[in-house]
Amino acid sequence: MDRVLKSARASGSLNLSNRSLREVPDEVYKAATGEDEKWWEAVELQKLILAHNNLEVLKEDLKSLSLLTVLNISHNKLSCLPAAIGELALLKSLDVSFNQITNIPEEIGSAASLVKLDFSSNLLKELPDSLGNCLALSELKVSNNSIAKLPNELSNCTKLIKLDVEGNKLTMFSDDMFMSWTMLTELNAARNLLTSIPDSIGVLSKLIRLDFHQNKISSIPASIKGCSSLMEFYMGINILSSIPAEIGSLSRLGNLDLHSNQLKEYPVEACRLQLSVLDLSNNSLSGLPPELGTMTTLRKLLLAGNPLRTLRSTLVSGPTPVLLKYLRSRLSSDEEVSGSGSTPTKDVQIAMATRLSLSSKELNLSGLGVTSVPSAAWETGDVVKLDLSKNLIGDLPSELATCSSLQALILSGNKIKEWPGTVLSSLSNLSCLKLDNNPLAEIPPTGLEVLCKLEILDLSGNASSLPEPSVISRLPQLQELYLRRMQLYQFPTGFLCLRRLQILDLSQNNLVTIPEEIKDLTSLMELDLSDNNISALPPELGLLESSLQVLKLDGNPLRSIRRTILDRGTKAILKYLKDKLPSQ
């Protein structure tokens, strides 16, 4: 013990976990140095780990550790916390999970520097109102308690990014809370007594993962369409009788769980979704819309436990691609061929788009079938976003270089062969560039360097044009990088210095391994590795557990992770990998 304490005085960090302690040694609370040490060589304690012991009491002496920033006392036998917790003005992370705590002292509101707070798996029936004073709070976990109501003061915590209240007795969320939590990316309210979802859910445009499974919710509000970043939505084991057509506008949704409800039909509008997994099992579906067959991204469609009368049981229980093919065959030729009936001429469509752009500053000329860029692109003043995707454009005219206000340029799905360097070098404010699915011959080494403000880059489907990874690594502001179908055989290690990267899409390549240095991408929120040749993942990937919210692995020959873990999703996979790391 003396050796450990002495080391802590030098490092400022003390780990006394797994020592069967019944009480915290008095020496921990003492700020004085050892007899053989000089006071100027000692470092005040900043990190204290007391997890996995048998502690029953934490003394008020805790206040003597005034510089403490991290305190972990999880997995003990504490029934309460000392009021002194409020005197730790610098405390940023507090983990008191897996104890027997029945109430949290109001004084915790004085610990105003708190960023992460974990009270999971205790005996709490309520949270203190003073928690609303912790304005820096970004992550709150109170799962597996008996909390019936969240204090309204929590709406003051406007920096909240992750909220986990699973396994409580909540009956409602107030509109004010959602209106305040606009930074929220993850909300887990599964296994509660909720009967409705507030209409204000639509303001959560940054929400990526939403879990309301096992409640008593009867409907999903149409405002769900406002959750434009949503990728995972879990609504299983509720009492839904229908789902709104507006759900079809969630273009990023990949996993939709609606199992064990009372659904009688699946709306045609929801067939626009680009889902990977759709669980409709144990509902009251008697048939499926033929349009569901057009959802070719579906890897898993679960239908067991429905009274399906229009489909053979062998189709329902068989492979998903076979069922989708059958549904497509039921589409009439009129439904398969889009564009039937009269449509406005191209000139009319361009004029309409131009008028709309005057207020929105976004000019959408997508899918017009034009072979050259319409002059409206540079004649419309102050446009910040120009969408020219899904056309037949072969090159960019020099006039486009005059669009100095342009921040986003979408050129996906055209016929561009030569890198438009002259135009791009003049667009000094460009932060988003999408050139995916063009026959680009090559990107010159200096082609990207001039785009120093670039935050989003999509070069997917341009394998022959892939520049040296070191070129992309010189884009310091890059937050989203899409390189699907680029015939990559190795993970480009040059990307590992992109510390602001939040989304990395390397799907549909030929990757075999992922470097352990992936752990350095600490801002990463979404990683798509689907459809590669990866057989194992580095345990270090589990260190991204706190930031990585979406990990896509379908279509890989993974043999090192059990299917049951893979099916449970991102959180379970990352925890499994993290647990494989050797203990420090």
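An open sheet of nine strands runs through the predicted model in the order 14-15-16-17-18-19-20-21-22, with parallel pairing. Strands here are DSSP runs of E of at least two residues, helices are runs of H or I of at least four, and both are numbered from the N terminus. Two strands count as paired if DSSP finds at least two bridges between them. The edges of the sheet are strand 14 (362-364) and strand 22 (550-552), and each pairs on one side only. From one strand to the next, the twist averages 5°. Angles of this kind are taken between N-to-C directions and run from 0 to 180 degrees, with axes fitted as lines to C-alpha atoms, for helices over the stretch in contact. Within the sheet, strand 16 (residues 408-410) and strand 17 (residues 432-434) pair in the parallel sense over three bridges. Ala408 stands opposite Cys432 of strand 17.

The model is predicted, so local features need pLDDT of at least 70 and side-chain atom pairs pLDDT 80 or more, while totals for chains, interfaces and linings use all residues. Residues are numbered from 1 along each chain as its sequence is written, and side-chain values use heavy atoms, with hydrogens and water left out.

The protein as a whole has 12 helices and 22 strands. Its radius of gyration is 27 Å, close to the 25 Å that the globule rule gives for 584 residues, so the protein is as compact as a globular protein of that length. The radius is taken over C-alpha atoms, and the rule is 2.2 Å times the number of residues to the power 0.38. Along its principal axes, the C-alpha trace spans about 85 × 60 × 50 Å. Of the 584 residues, 51% count as buried. Buried means under 20% relative accessible area, exposed means over 50%, and partly exposed lies in between (1.4 Å probe, protein chains only). Contacts require heavy atoms within 4.5 Å. Among contacts between residues at least 6 apart in sequence, 34% join residues at least 24 apart.

The structure holds two aromatic pairs. In one of them, the ring centres of Phe178 and Trp181 are 6.3 Å apart and the planes stand at 55°, so this pair is tilted. Rings of Phe, Tyr and Trp (its six-membered ring) pair if their centres lie within 6.5 Å; planes under 30 degrees apart are stacked, those over 60 are edge-to-face, and the rest are tilted. Phe178 is buried, at 0% relative accessibility. Trp181 is also buried, at 0%. Together with Phe173, Phe178 and Trp181 form one aromatic cluster.

Trp181 also touches a loop residue, Ser155. Ser155 lies between strand 6 (139-141) and strand 7 (162-164). At 14% relative accessibility, Ser155 counts as buried. Leaving aside neighbours within four places in sequence, its contacts are Asp176, Met177, Ser180 and Trp181. Ser155 and Leu135 are 20 residues apart along the chain, and their C-alpha atoms are separated by 9.7 Å.

Another ring has a charge over its face. Arg312 lies over Tyr326, at 6.0 Å from the ring centre. The criterion places NZ of Lys or CZ of Arg within 6 Å of the ring centre and within 35 degrees of the ring normal.

Two loop residues have unusual backbone angles. Most residues other than glycine have a negative phi. Arg191, not a glycine, has a positive phi of about 55°. Arg191 sits in the loop between strand 8 (186-188) and strand 9 (209-211), and is partly exposed at 32% relative accessibility. Asp531 also has a positive phi, near 55°. Its loop joins strand 21 (526-528) and strand 22. Asp531 is partly exposed, with a relative accessible area of 26%.

Strand 22 also helps to cover helix 12. The buried residues of helix 12 (residues 570-579) are Thr570, Ala572, Ile573, Leu574 and Leu577. Their cover includes strand 10 (232-234), strand 22 and helix 11 (563-567).

Strand 10 leads into a further loop, which ends at strand 11 (255-257) and holds Ile237. Ile237 is partly exposed, with a relative accessible area of 35%. Beyond residues up to four places away in sequence, Ile237 touches His213, Gln214, Asn215, His259, Ser260 and Asn261. From Ile237 to Leu256 the C-alpha distance is 13 Å, at 19 residues apart in sequence.
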